[in-house]
Amino acid sequence: MSTNPHVLSAQGVVAGYSSHPSLRGISLSMSKGAPAIGVTGASGVGKSTLVHALSGRLKPRSGRVTFDGKAVSRLRLGEKKRFEALVRTVAQNGFFGLDSSLTVRRVVETELRLARKVGRGSGQSIEDVLAEMFLEPRFIDRRIHTLSGGERQRLTIALALVTNPEILILDEPTTALDSSLKDKVSHHLRDIVHERQIGLVVLSHDMNLLSRLTPTVHVLADGEFVETGSPRDLLIDPQHPATTDIAQAYPEAVRALRTLED
Ligand SMILES: Nc1ncnc2c1ncn2[C@@H]1O[C@H](COP(=O)(O)OP(=O)(O)OP(=O)(O)O)[C@@H](O)[C@H]1O
Ligand SMILES: [Mg+2]
């Protein structure tokens with residue numbers, strides 16, 4: 001078996017939904033065991049567009065997104081299944097293309113089957129999968145559309161973990177959670193990512209979340225990464241106007257960081 005980790009790589013990606021593409025030259029790469037990367041930026045700046053490009057759902061107009069050198073938007077069926085098991089994406093608003101009239105049991109079973117099919121099964125039960133994200137067994141026979149936003153969000157993360165991915169891409173993973181669950185989920189995610197050496201990419205406007213999960217954050221503005229740094233540096237010493245705008249939304253965090261360092 002090859003010991004080289006699989007690499008997801010974006011090179012000079014230009015992509016978007018209008019004649020003025022949201023992404024105009026984005027590059028990043030991720031693999032199992034690599035330090036986590038955060039991407040932040042104002043609403044509508046293109047974070048989810050980047051997720052769509054990284055997951056192969058949106059073909060770049062120029063530049064490339066590759067997995068082990070192959071364009072992800074052009075993978076053949078077998079390769080695509082394997083890619084989707086190794087590189088899991090949790091969409092901002094629930095599930096990509098999933099029928100929400102299905103039960104939780106059904107969607108978890110489908111994931112467990114996929115995991116076995118691609119040789120990444122772990123013998124987990126449905127209960128184990130749900131417990132990973134603090135969902136009790138009582139949810140098993142519920143239909144997806146009856147779940148609350150936060151329950152659904154936790155289910156999508158739990159499903160993404162079933163195939164034991166090498167790379168996990170999370171788009172605003174905790175927006176629907178109250179602050180206590182946000183803490184629980186983010187701490188647990190940090191532990192899981194560390195234990196399993198998962199290459200994590202988190203896209204979020206929430207700098208508190210990013211400071212828990214990602215040592216390095218890129219600030220997306222005007223189609224590009226305009227600044228990159230630790231969450232701490234971006235908050236207390238922003239260089240680009242877009243970063244300054246973000247830091248201004250966290251006066252308490254900035255004050256706390258400054259006090260700590262005085
Ligand atoms: N399917 C689509 N069709 C047309 N335009 C789209 C589509 N998806 C996104 N857009 C537009 O592309 C731009 C970037 O959207 P995107 O969802 O990537 O932003 P975002 O940074 O994720 O925002 P948010 O923080 O609100 O989630 C926005 O102007 C949005 O309206
Ligand atoms: Mg978004």
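1. Salt bridges. In this predicted model, a search of the whole structure gives ten salt bridges. Three of them are taken up below, each with its partners and their burial. As background, side chains of opposite charge can pair when their charged atoms come close.

2. K70 and E79. These two residues form a salt bridge, with the closest N and O atoms 2.7 Å apart. K70 is partly exposed, at a relative accessible area of 45%. E79 is partly exposed too, at 23%. The value for E79 sits above the 20% limit under which a residue counts as buried.

3. R196 and E132. Here the closest N and O atoms of the salt bridge are 2.8 Å apart. The pair links distant parts of the chain, 64 residues apart. R196 is in helix α6, and E132 is in the loop between α4 (126–131) and α5 (149–162). R196 is partly exposed, with a relative accessible area of 24%. E132 is buried, at 15%. The label for E132 follows because buried means under 20% relative accessible area.

4. D206 and K182. Their side chains meet in a salt bridge at 3.7 Å, N to O. D206 lies in the loop between β8 (199–203) and α7 (207–213), and K182 lies in helix α6, so the pair ties together parts that are 24 residues apart in sequence. D206 counts as buried, at 11% relative accessibility. K182 is partly exposed, with a relative accessible area of 22%. The 3.7 Å separation still qualifies, because the cut-off for a salt bridge is within 4 Å.

5. Magnesium site. Which atoms coordinate the magnesium ion (ligand 2)? They are OG of S48 and OE1 of Q92, at 2.1 Å. The two residues are 44 residues apart and link distant parts of the chain. S48 is in helix α1 (residues 47–54). Q92 is in the loop between β6 (87–90) and α3 (104–117). S48 is buried, with a relative accessible area of 19%. Q92 counts as partly exposed, at 32% relative accessibility. Since water is not among the atoms, the site may look incomplete, so the two donors should be read with that in mind.

6. Positive patch. K81, R106, R113, R116 and K117 form a positive surface patch. Helix α3 supplies the largest share of the patch, four residues. R113 is found in α3. R113 is partly exposed, with a relative accessible area of 46%. That value fits patch membership, because patch residues need over 30% relative accessible area. Patch members also have no salt bridge, so R113 is without one.

7. The loop between β6 and α3. S101 is placed in this loop. S101 counts as partly exposed, at 32% relative accessibility. Its C-alpha atom is 8.6 Å from that of T146 in space. In sequence, S101 and T146 are 45 residues apart. The magnesium donor Q92 belongs to the loop between β6 and α3 as well.

8. Positive phi at E172. Most residues other than glycine have a negative phi. E172 has a positive phi of about 45°, although it is not a glycine. E172 is found in the loop between β7 (167–171) and α6 (179–196). Is E172 buried or exposed? E172 is buried, with a relative accessible area of 4%.

9. Positive phi at D222. The phi of D222 is near 50°, again a positive value in a residue other than glycine. D222 is found in the loop between β9 (216–221) and β10 (224–229). D222 is exposed, with a relative accessible area of 55%. So the two positive-phi residues discussed here differ in burial: E172 is buried, whereas D222 is exposed.

10. P173. This residue lies in the loop between β7 and α6, where E172 is also found. P173 counts as buried, at 1% relative accessibility. P173 and A242 are 69 residues apart along the chain. Their C-alpha atoms are separated by 22 Å.

Terms used. Residues are numbered from 1 along each chain as its sequence is written. Chains are lettered from A and ligands numbered from 1 in the order in which they are written. This is a predicted model: local features need pLDDT of at least 70, side-chain atom pairs count only at pLDDT 80 or more; totals for chains, interfaces and linings use all residues. Side-chain values use heavy atoms; hydrogens and water are left out. Donors are N, O and S atoms within 2.8 Å of the metal (3.2 Å for Na, K and Ca); water is not among the atoms, so sites may look incomplete. Buried means under 20% relative accessible area, exposed over 50%, partly exposed in between (1.4 Å probe, protein chains only). Patches are made of residues with over 30% relative accessible area and no salt bridge: like charges are joined within 9 Å, nonpolar side chains (Val, Leu, Ile, Met, Phe, Trp, Tyr) within 5 Å. Accessible areas come from the Shrake-Rupley method with a 1.4 Å probe; for residues, only the protein chains shown count as cover. Lys and Arg count as positive and Asp and Glu as negative; His and the chain ends are not counted. The place of a charge is taken as NZ of Lys, CZ of Arg, CG of Asp or CD of Glu.
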